[in-house]
Amino acid sequence: MKKALRFIVTLGLVAAGGLVAVAQATNYSLWINGRTGGGQVGIHADFSYWGPATTAAGVNKKSVNWDGYNRISTTNGNVRDALDCYCTGPNWCYVAAHSAGNLQIGYALALYGTSTRSVKTPTPNSAGQCGNSGTGTQTGWNIKWVDVAGGAAGGSELADAGDWALGEPLVSDLKTSTARALYNHNATTGKWFYMFAGAKGTLYSFVLPGQDDEVVAYHSSGGVSGSSGASFCNPSDWLCNDLNLGTAANQGGRTKWSYHTVAFRDSTEQYDHYARGNWAGIVSRVRADMAAYAQ
Amino acid sequence: MRRRAPARGRAAGVLVLLSGAAAALLMWWWQARAGLERERVTLAQSVAAPSAGTPGPAGASSAPRPPPGAPLSPLGQAERAEQRALWQVRLDRARQALDGYRAAAQYPHESRPIEEHPDQVRPFEPIAEERALRMPGGGSAAQGVRLRTTQERVFVSGMESSRITLTLTDEAGRLLPLRVTRAMLKEVTAPDQTARTAEVALDVNDAGRQGDTVAGDGTLTALMQPGAQGFGSFAGTVRLEMYLDHAGQPGFIYFDLVYSPEQAATWLPGVREAAGPGGLDFFVKAQVLLPGRYVVSGRVDDNRGRPLALVQFNGEVGKGETEFRLPVFGKLIRDRQPEFPLVLRDVEAFLLKPDAFPDRVMLPRLPGVLHRSRSYALASFSAAEWDSEERRRYLAEFGKDVAEAEQKLRQLGP
């Protein structure tokens with residue numbers, strides 16, 4: 001009788017432990033918007049910036065909304081809150097970022113990626129903040145990899161040239177010299193950034209060097225290290241250095257930021273910068289990638 | 001009563017445990033079902049919008065699944081091939097994450113091989129950029145000319161300055177005449193506020209003054225020093241706007257400096273070193289006036305001047321005298337076999353203010369050699385890889401992802 005009881009107790013404990021583990025370990029897909037914003041800050045189910053929320057965009061997708069207007073430093077707390085919510089304890093995240101969202105995740109990882117984080121329960125309040133789970137702290141966040149569409153971590157010459165409103169706080173951060181000095185872009189704490197670079201830009205081709213998606217040039221969307229101003233193009237353009245796929249240095253020798261790899265180069269110039277609230281432009285490539293591989 | 005109570009308690013416990021087991025089994029079944037469903041949905045979705053950056057599924061099928069063991073129909077075979085392709089890329093991605101992280105995590109975050117940070121080797125070199133000469137909103141730019149600029153730095157505190165230079169060249173790099181018709185220094189006022197400082201006209205010259213190193217060389221120079229130019233009580237972006245002219249072609253350019261009048265800490269003289277099997281640590285001393293998170297970085301070269309490491313500190317510090325530890329990890333020394341003594345140079349630091357703008361208060365730069373270490377035998381350092389809870393957590397998770405993808409591929413067969 002005692003043996004049977006012990007067996008049942010053991011079975012129960014194992015099962016209960018399994019229940020806890022099953023219930024807690026979850027993967028999430030975090031989407032970090034760019035300039036202009038659109039989704040309600042703190043409401044992670046609001047995908048207004050991106051497109052229909054019913055569209056597949058990775059497992060357990062969450063929209064990490066920030067206002068897309070103010071400085072990276074004053075809005076990065078929204079991103080860190082979401083990372084704390086979904087990417088601590090037993091939970092892991094895939095991250096997708098668009099445009100200035102690239103600056104947001106890069107800033108968070110480079111400056112706070114080695115800090116001590118309280119493990120949270122992934123049920124945010126209306127401000128997008130989660131309560132402590134009571135299971136302690138950990139170093140950094142649990143992030144598997146990062147997909148970036150039209151990344152603006154290298155800034156945009158549209159901010160340099162004064163074509164955007166110079167009084168807009170975010171535009172100051174998107175100035176190429178400022179964006180590249182904001183943090184060490186190589187410091188991703190070992191997480192890989194998959195860069196998706198669009199090239200269907202015509203309107204500002206006399207401002208944006210090399211190939212562009214009408215907002216950012218390849219030097220930024222391709223994660224090219226060093227100062228801005230250099231031109232990078234598709235291989236079909238013989239008058240301009242190639243933006244090489246993968247992690248290889250570009251034609252002419254300019255390297256990419258460490259842990260950055262060009263996953264998609266728009267060789268047929270089909271993708272511009274704009275999501276259009278419908279998962280459009282270069283965002284469509286990242287959405288497909290997330291839907292397939294962020295699981 | 002006293003004898004029956006424990007028995008009842010035991011029975012209740014057994015009931016609770018059995019309920020737990022049943023709930024767990026139910027949850028397992030639900031999760032497994034949800035997982036299968038999710039996979040099916042994912043496959044359908046990725047078929048609807050295939051990823052071109054990586055090989056993906058190539059077709060869709062709504063054919064009913066054949067019973068286990070039955071030969072697959074052509075549609076079934078296509079579906080399986082599609083799933084294999086999907087899982088192969090998932091496996092590739094998982095392996096890259098695992099291998100990449102494992103390679104990166106040989107060394108701790110605060111002690112990195114310098115080749116991983118190519119744009120951090122010479123941190124105090126001016127930012128050099130090149131752009132078109134044009135007006136904002138103008139539909140075109142001056143043809144055949146390039147505006148080359150340098151900016152000494154973007155973030156300053158106290159009385160620090162930033163030197164700006166401009167040259168205009170043709171496509172062959174020959175200097176062209178450039179005139180600055182107006183240069184104003186002004187604060188960038190937050191949208192909901194009014195300006196608290198007055199605009200200041202700035203001297204931009206090629207006459208050998210105000211930071212211009214060589215008179216008449218065709219390089220125009222301006223010196224931004226907010227603390228001495230009327231912005232000493234302002235914290236934020238100070239902007240230098242310039243209106244330019246080349247042979248009647250107008251142009252506009254601006255330079256931003258993020259300025260904080262505060263003083264976060266002062267450097268104290270001397271660098272201490274401490275060596276052990278784990279590596280060689282440099283301790284840079286400071287008197288901290290404002291407590292908070294400090295970010296400090298330095299470069300370490302070997303005796304031949306070969307860059308070896310980017311060493312960093314990122315942590316909370318209290319007020320008072322402190323030492324920032326900048327470690328050269330033992331395995332990094334063993335792997336790169338530098339010639340001793342090692343040299344610590346070009347240290348920069350700031351107080352990082354969360355959720356604020358400006359988000360940092362810079363400490364004065366420490367350019368050049370700060371410290372030359374003693375010499376140590378390479379064998380005195382450990383060749384062991386970095387170990388930490390974070391590293392183990394990541395390797396376990398990424399390893400699990402690889403194993404899962406491999407298992408899926410095995411299940412799907414050749």
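This report walks through some features of a predicted model, from its strands to its core.

Local features were kept at pLDDT of at least 70 and side-chain atom pairs at pLDDT 80 or more, while totals for chains, interfaces and linings use all residues. Residues are numbered from 1 along each chain as its sequence is written, and chains are lettered from A and ligands numbered from 1 in the order in which they are written.

## A sheet in chain B

Let us begin with the strands. Helices (H or I, at least four residues) and strands (E, at least two) are DSSP runs, numbered from the N terminus. Two strands pair if DSSP finds at least two bridges between them. In chain B, five strands make an open sheet with mixed pairing, and their order is E4-E11-E10-E7-E8. Which strands stand at the edges? They are E4 (155-157) and E8 (200-201) of chain B; each has a single partner strand, so one side of each lacks a neighbour in the sheet.

Inside this order, strand E10 (residues 236-246) and strand E11 (residues 249-260) of chain B run antiparallel and are joined by eleven bridges. One residue to look for is Leu244(B), whose bridge partner in E11(B) is Gly251(B).

## Loops and backbone angles

The loop between E10 and E11 of chain B holds Ala247(B). Its phi is positive, about 50°, although Ala247(B) is not a glycine. For burial, count the other C-beta atoms (placed from the backbone) within 10 Å of a residue's own: 20 or more is buried, 12 or fewer is exposed, and in between is partly exposed. Ala247(B) has 11 of them, so Ala247(B) is exposed.

Chain A offers another positive phi in a residue other than glycine: Thr36(A), near 85°. Thr36(A) sits in the loop between strand E1 (27-32) and strand E2 (61-64) of chain A. Is Thr36(A) buried, exposed or partly exposed? With 15 C-beta neighbours inside 10 Å, Thr36(A) is partly exposed.

Two peptide bonds leading into prolines of chain B are cis, as the table shows.

| Cis peptide bond | Omega | Where the proline is found |
|---|---|---|
| Phe340(B) to Pro341(B) | near 0° | loop between helix H3 (330-336) and strand E17 (343-352) of chain B |
| Phe357(B) to Pro358(B) | near -5° | loop between E17 and strand E18 (360-362) of chain B |

Thr213(B) is in the loop between E8 and strand E9 (220-224) of chain B. Thr213(B) is exposed, with 10 other C-beta atoms within 10 Å. Its C-alpha atom is 45 Å from that of Ala103(B), and the two residues are 110 apart along the chain.

## Buried places

Now for the inside. Val271(B) belongs to strand E12 (residues 265-276) of chain B and is buried, with 20 C-beta neighbours inside 10 Å. Val271(B) and Leu344(B) are 73 residues apart along the chain, yet their C-alpha atoms are separated by 9.3 Å. Two residues are in contact if their C-beta atoms, placed from the backbone, lie within 7 Å. Leaving aside neighbours within four places in sequence, the contacts of Val271(B) include Phe282(B), Leu344(B) and His371(B).

A nonpolar core is a set of buried Ala, Val, Leu, Ile, Met, Phe, Trp, Tyr and Cys residues joined through C-beta atoms within 7 Å. The largest one has 162 residues, and Val146(A) is one of those that touch the most other members. Beyond four places in sequence, Val146(A) is in contact with residues including Val95(A), Ile105(A) and Trp192(A).

Finally, helix H2 (residues 72-86) of chain A is mostly covered, with 13 of its 15 residues buried. Its expected span (1.5 Å times one less than its number of residues) is 21 Å, which agrees with the 21 Å between its end C-alpha atoms.
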